[in-house]
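Let's take a friendly walk through this structure, one element at a time. Have the sequence and the 3D view at hand as you read.

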Amino acid sequence: MKKLISNQIMFIVLFAALIMLLSACSGSNDKPAEPVATKPAETETNTTPAKEEEKEEAVPAPDLNGRVIRISHWWDATPKGDSESDELARERIKMVEEKYNVKIKYLNTEYWSTSEKLSSSVLANEPFAEIVRIPDGFIWGLMHGGFLTPLDDYLKDTRVEKDVVDSMRFGGDKVYGLESWYTPNESGLFYNKRIFKEAGLKDPQQLMDEDNWNWNTMLDAAKKLTVDRNGDGKMDQYGLAGAHYVLSEMLIASNGGKLYDEQTGKVTFNSPEAMEALNFLHSLYTEHKVIKANGGNDWEDPAKYFGEGTIAMYPGGLWEVEGRIVDKLKDEWGYVYMPKGPKANSYYEPFGQTAAYVIPKGVKDADVIVKIWEDLQDFDNWQDNRRLSLENILPDETSIANAMNDDGKVQRLFGGRFGGLGIKEQLDSVTEKFVKGEITPSTGIAQVIAPAQAAAKKVLSGEQDKKK
């Protein structure tokens, strides 16, 4: 504000400031408007407006008096590289530290110890961190055990999208997790362009462009691309590769099914959508024989085969590209959505497991901690950063557009999470048998529905986290 020479003007300004101070101390939550001091008549001119536009005064951030805000991951999340994203992260940390008068400290907590460390520290009334990154397999039990802070009241004016906030309810009415955004499409299907071209077949991207990418067209291609190329009587090229426990989840989701319904608390892999997917999976292995058998390592072998150029299609996650596909597969390849199942009206991405930030019960100033977490997120640039990262791992613009879900055709199945509930293990024990032809899907599922429901109930009761 420019200095005023007149004593009368100075008095008016000081009086207005006093009125503002008294208003701020009155306990009102309303943000006071910036006062406008009326100029004395002798200083008014024809070019001076009679009334200035009112401005909203910024409310200062709470001062936490140098408190250390500990943020726990199961890795060292301290930004210390030379990348642009790390530099921006360091700038946000500095801004937060100055804004709230705090010190941000990242903890590296061992994955399997995180849940026990959180619960035991809460019981001791000394939470080991203000913010904890944790998989949903631990969140279920901690939530029902009363070890986490409900966050609904602190997210009323959040920048987080509503569907992301709602996905953090974990089947209940209260929000217990913090997540800034979800990347558009984390799992889909990789395909070898060379193999499709040599066979004279339309590849998955072409079929998707025609709105004809579904289980039937995938099966047709898989059958035609499972061949004996060297004439020795053995198949040396297959239409598909994968682990039965990955394929089961992806196919169930692609038919609009879930393994678990969070709203009802029911295991649902015996639903019509799920059973249709499991029967289809069974046929891929036993009737059509289009999936290459793994050599003893279900986790590593499928990606290895695809990288060797002997597999036409491989359903998997984008996290696999950098370490398992890029620099290993010499052929041209692409990335598309999983094909639609008969009961699906859209392409679907399974949301079977996730991770989130939680605030342990007993953390002081939880409302401020939520704001600190929000200020550390790069809400404005995450999509651009995501696209830049995909440009480093995906082979072409079409694949990048699919991963970004630019056309909006992939729908995420919120509410179908099952991590840590103990139900996936039950399903996997069945699929392991029926892919070998030892049992039918219907018989196997009937045997494990009750044990799976009991396992989920045990976790949701909080028994695994309550101290005896």
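Helix 2 covers residues 84–100, where helices (H or I, at least four residues) and strands (E, at least two) are DSSP runs, numbered from the N terminus. Its 17 residues should span 24 Å at 1.5 Å a residue, and its end C-alpha atoms lie 25 Å apart, which agrees; the expected span is 1.5 Å times one less than the number of residues. This is a predicted model: local features need pLDDT of at least 70, side-chain atom pairs count only at pLDDT 80 or more, and totals for chains, interfaces and linings use all residues. Residues are numbered from 1 along each chain as its sequence is written, and side-chain values use heavy atoms, leaving out hydrogens and water.

Which residues of helix 2 are buried? They are Asp-86, Ala-89, Arg-92, Ile-93, Val-96, Glu-97 and Tyr-100 (buried means under 20% relative accessible area, exposed over 50%, partly exposed in between, with a 1.4 Å probe and protein chains only). Seen down the axis of helix 2, these residues fall within an arc of 135°, so they line one face; the arc is that of the directions from the helix axis to the C-beta atoms. They pack against strand 2 and helix 13 (366–375), with contact meaning heavy atoms within 4.5 Å. On the other side of helix 2, Glu-84, Lys-94 and Glu-98 are exposed.

Now for the sheet. Its 4 strands form an open sheet in the order 2-1-3-11, with mixed pairing; two strands pair if DSSP finds at least two bridges between them. Strand 2 (102–108) and strand 11 (355–358) each have a single partner strand, so one side of each is left without a neighbour in the sheet. Strand 1 (residues 67–73) pairs with strand 2 in the parallel sense over 7 bridges.
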